[in-house]
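Open the model in your viewer and keep the selection panel at hand. The tour goes stop by stop.

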Amino acid sequence: MGDNELQDPANAEVAHDQDNIEHNVPPRVLRPPGDYRPQRPGLTFIRTPPILKLSVDLDTYLRRFQAYANSIGAQWDELPHILINLLDDDVMSFIERHLVAENITYDELVEILRREMGIARHNREDYKAKLRKTVRGKNEDVRGFYSKLWTLAKRAFPNNEQVRNIILRDAFIGNFQDPQISARLREHNELHNEEILDLAVNLFNCKNASYNKLHSDANAAYSANFDGHNVQDMPENSFYYGPSTAQMNTTRCTTK
């Protein structure tokens with residue numbers, strides 16, 4: 001072939017790879033026709049998602065799986081095979097009878113998982129009951145409590161976001177286990193749920209800071225009275241370490 005003749009692209013690929021082999025250079029990965037994605041070999045070492053079990057929330061798992069599939073550059077027709085490989089034995093036994101077709105699509109597989117995994121899950125009424133009964137623990141983190149309620153609300157009302165947000169808001173405010181903060185939160189009907197959460201965190205931290213300051217002042221006063229005095233000569237109320245009930249009731253948190 002002359003210098004001015006055009007070489008066939010496919011032959012050029014083969015010649016290039018043969019030249020690389022002769023010089024101990026690894027050949028390039030040839031992708032299927034029409035696949036113009038850049039080669040990203042480093043991402044093939046990304047940790048795979050955990051095994052999908054019946055106890056796992058399917059929506060959360062699929063969100064992680066899709067991020068993983070996008071990172072490794074998986075083809076659309078490869079997704080169902082990758083997902084099936086991540087199912088544990090119990091989940092596989094639920095859906096195996098539906099896998100008779102080799103060309104099952106990703107959307108069809110997800111629909112089967114939603115339908116069949118619902119058998120092993122608690123029904124929605126159970127989640128609604130748990131949502132109403134779940135209260136914040138004495139030392140439980142505010143955001144952790146909200147996340148717990150959010151998960152229950154998502155499972156109780158998976159197809160109605162508007163109702164889900166209303167029920168979630170009522171459960172969060174009503175089960176906060178602090179009447180003063182709950183009353184302050186109910187004053188802000190114009191805020192959406194995430195803003196209510198931020199306000200609750202601010203009020204909770206402000207109240208704790210006020211309590212700690214009163215507690216510190218009381219201890220300082222006790223230490224000053226105790227220094228150089230006989231314990232028997234001190235009044236009984238000098239041994240109280242915390243603020244009085246009246247002080248706590250009059251302490252208010254300010255918000256922006």
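Is K154 buried or exposed? Select K154 and turn on the surface. K154 is buried, because its relative accessible area is 11% and the cut-off for buried is under 20%. Keep in mind throughout that this is a predicted model.

**Stop 1: the partner of K154**

Add D57 to the selection. K154 and D57 form a salt bridge, with 2.9 Å between the closest N and O atoms. This pair links distant parts of the chain, 97 residues apart. K154 sits in helix 7, residues 142–156. D57 sits in the loop between helix 1 (9–22) and helix 2. D57 is buried too, at 9% relative accessible area. Now add R155. A network of salt bridges links R155 with D57 and K154.

**Stop 2: a bridge from helix 5 to helix 2**

Select R114 and D59. Their side chains meet in a salt bridge, 2.6 Å from N to O. R114 lies in helix 5 (residues 106–120) and D59 lies in helix 2, so the bridge ties together parts that are 55 residues apart in sequence. How accessible is each end? R114 counts as partly exposed, at 47% relative accessibility. D59 is partly exposed as well, with a relative accessible area of 27%.

**Stop 3: a bridge from helix 7 to helix 10**

Go back to helix 7 and pick R143. Which residue does the side chain of R143 meet in a salt bridge? The partner is D198, at 2.9 Å from N to O. D198 belongs to helix 10, residues 193–226. R143 and D198 are 55 residues apart, and the pair links distant parts of the chain. R143 is partly exposed at 39% relative accessible area. D198 is partly exposed at 40%. Side chains of opposite charge can pair when their charged atoms come close. A search of the whole structure finds 9 salt bridges.

**Stop 4: Y68 in helix 2**

Select helix 2, residues 58–72, and show the side chain of Y68. Y68 is buried, with a relative accessible area of 14%. What does Y68 touch beyond its neighbours within four places in sequence? The contacts are I46, R47, T48, P49 and I82. Draw a distance from Y68 to P49. The two are 7.2 Å apart, C-alpha to C-alpha, with their positions 19 residues apart in sequence.

**Stop 5: the patch on helix 8**

Move to helix 8, residues 161–174, and find I166. I166 counts as partly exposed, since its relative accessibility is 46%. Add V163 and I167. Together with I166 they form a nonpolar patch on the surface. The accessible area of the three comes to about 200 Å².

**Stop 6: helix 8 against helix 9**

Keep helix 8 and add helix 9, residues 179–186. Two packed helices are described by the angle between their axes and the distance between the axes. Here the axes come within 9 Å and cross at roughly 145°. By class, the contact of helix 8 with helix 9 has 3 nonpolar, 2 polar and 1 charged residues. Show the side chains at this contact. From helix 8, pick F172, I173 and G174. They meet S182, L185 and R186 of helix 9.

**Stop 7: the loop at Q177**

Select Q177 in the loop between helix 8 and helix 9. What is its phi? Phi of Q177 is near 65°, a positive value in a residue other than glycine. Q177 is exposed, because its relative accessible area is 51% and exposed means over 50%.

**Last stop: the whole chain**

Clear the selection and zoom out to the cartoon. The chain has 11 helices and 0 strands. Every element from the N terminus on is therefore read as α. Buried residues make up 29% of the 256 residues. Switch to the surface. The accessible surface is about 17700 Å², and carbon and sulfur atoms account for 52% of this area. Finish with the contacts. Among those between residues at least 6 apart in sequence, 55% join residues at least 24 apart.

Terms used:
Residues numbered from 1 in each chain as written. Predicted model: local features only at pLDDT ≥ 70, side-chain atom pairs only at ≥ 80, totals over all residues. Heavy atoms only, no water. Helix = DSSP H or I, 4+ residues; strand = E, 2+ residues; numbered from the N terminus. Buried < 20%, exposed > 50% of the residue type's maximum accessible area, 1.4 Å probe, protein only. Contact = heavy atoms within 4.5 Å. Areas by Shrake-Rupley, 256 points an atom, 1.4 Å probe, with all protein chains shown as cover. Patch = residues over 30% accessible without salt bridge, like charges linked within 9 Å, V, L, I, M, F, W, Y side chains within 5 Å. Salt bridge = Lys/Arg side-chain N within 4 Å of Asp/Glu carboxyl O. Axes fitted to C-alpha atoms, helices over the stretch in contact; angles between N-to-C directions. Nonpolar A, V, L, I, M, F, W, Y, C, P; charged D, E, K, R; others polar.
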